[in-house]
Structure formats: structure tokens, C-alpha cells
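Got the model open and ready to turn around? Let's take a walk through it, one stop at a time.

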Amino acid sequence: NTMAQYLLSVYQPVGPAPAPEFLEPIMQDLEALNREMKAAGAWVFAAGLHPTDTATVVRQQGTEVLITDGPFAEAKEHLGGFTVIEAEDLDAALGWAGKLASATTLPIEVRPIQH
């Protein structure tokens, strides 16, 4: 059975980061989960993103390319980071996503990656 890759997207509320006393245990749990995923051979790549005010959107409109500051979508939540994993199937990916949701205390979107 070949392994499939899945994108686990972490969605966080717009606004300032939590205070250190809340954020530090979350970061420790996340580091522990990354070690667990690496040991299991599931971890491929992970990254956190800078806040949405650092985003730039580039889009084609007619014959021009328009560049605008800010996130693509104005929303109450935004993509804060992501992990790419390899898993046997969706159920296995959802298992890792559950652990990521517990570690981050945030919702995780799971999507298969097309190859």
C-alpha cells in the first residue's frame, strides 16, 4: 500500500498571539507531536506563517497583474501554519490531525495532496 500525503492546515483567530503562559505549553506540545510524527515516519514538512498583515495577494485582472496588501480573504480565522504528512489513508491522517488539534487547541483542515 503506497503512502498518500495530506496537508494539515492550522486555522487560528485573527488578532495578537496568546500570552506566553498560554503559548509556551502549546509550543511544547507541538514540538513533542512533531517528534512523534518524525519517529513514526509520517512527518514531511511543517511551517508556521507570519501574521496576515504580512500577506500580499497577486492576481491577474484583464491584461494587468494587480498586487494588494493583506490576506486573500477577510475572515475571523486565517491559515497560521501547516504540516505535510504521509499516511496510509485518510483515517490515519485524521488521527494525526486530531493530535495536532489537541496540541494547538485550534481547528485543523485535512486535505489530500494531488500528485
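Is His78 buried or exposed? His78 has a relative accessibility of just 11%, so it counts as buried, given that buried means under 20%. Keep in mind that what you're looking at is a predicted model, not an experimental one. His78 lies in strand S5. Setting aside neighbours within four places in sequence, you'll find His78 in contact with Val10, Tyr11, Gln12, Pro13, Val14 and Thr52.

Several of those names lead us to another strand. S1 covers residues 4-13, S5 covers residues 77-87, and the two run antiparallel, joined by 10 bridges. If you want a spot to check this pairing by eye, look at Val10, which stands opposite Gly81 in S5. S1 also has a second partner: strand S6 (residues 108-112) is joined to S1 by 5 bridges, again in an antiparallel arrangement. Here the spot to check is Leu8, which stands opposite Val110 in S6.

Now for the inside. In soluble globular proteins, nonpolar side chains tend to be buried together. How many residues does the largest nonpolar core have here? It has 15, and the ones with the most contacts inside it are Tyr6, Leu8, Ile85, Trp96, Ile108 and Val110. The elements giving two or more residues to this core are S1, helix H1 (20-40), S5, helix H2 (90-104) and S6. H2 supplies the largest share, with 5 residues.

Trp96 is a good residue to zoom in on. Not counting neighbours within four places in sequence, Trp96 is in contact with Leu8, Leu33, Glu36, Met37, Ala40, Ala42 and Ile85. Notice Glu36 among them, as we'll meet it again right away.

Which side chain meets Glu36 in a salt bridge? It's Lys99, with 2.5 Å from N to O. A search of the whole structure finds 1 salt bridge. The pair links distant parts of the chain, with Lys99 in helix H2 and Glu36 in helix H1, 63 residues apart. Partly exposed is the in-between class, from buried (under 20%) to exposed (over 50%). Lys99, with a relative accessible area of 38%, is therefore partly exposed, and so is Glu36, at 34%.

Next, swing over to the aromatic rings. A pair of aromatic rings is described by the distance of the centres and the angle of the planes. Searching the whole structure turns up 1 aromatic pair. Phe45 and Phe82 form it, and the pair is tilted: 5.9 Å centre to centre, with 35° between the planes. Phe45 sits in strand S2 (residues 43-48) while Phe82 sits in S5, so the pair ties together parts that are 37 residues apart in sequence. Phe45 has 42% relative accessibility, so it counts as partly exposed.

Our last stop, Trp43, is found in strand S2 too. With a relative accessible area of 27%, Trp43 is partly exposed. What lies over the face of Trp43? That would be Lys38, at 4.3 Å from the ring centre. Leaving out residues up to four places away in sequence, Trp43 touches Asn34, Met37, Lys38, Thr83 and Val84. For a sense of scale, try finding Glu74 as well: Trp43 and Glu74 are 31 residues apart in sequence and 31 Å apart in space, C-alpha to C-alpha.

Note on methods: Residues are numbered from 1 along each chain as its sequence is written. This is a predicted model: local features need pLDDT of at least 70, side-chain atom pairs count only at pLDDT 80 or more; totals for chains, interfaces and linings use all residues. Side-chain values use heavy atoms; hydrogens and water are left out. Two strands pair if DSSP finds at least two bridges between them. Helices (H or I, at least four residues) and strands (E, at least two) are DSSP runs, numbered from the N terminus. A nonpolar core is a set of buried Ala, Val, Leu, Ile, Met, Phe, Trp, Tyr and Cys residues joined through side-chain atoms within 4.5 Å. Buried means under 20% relative accessible area, exposed over 50%, partly exposed in between (1.4 Å probe, protein chains only). Contact means heavy atoms within 4.5 Å. Rings of Phe, Tyr and Trp (its six-membered ring) pair if their centres lie within 6.5 Å; planes under 30 degrees apart count as stacked, over 60 as edge-to-face and the rest as tilted. A charge sits over a ring if NZ of Lys or CZ of Arg is within 6 Å of the ring centre and within 35 degrees of the ring normal. A salt bridge is a side-chain nitrogen of Lys or Arg within 4 Å of a carboxyl oxygen of Asp or Glu.
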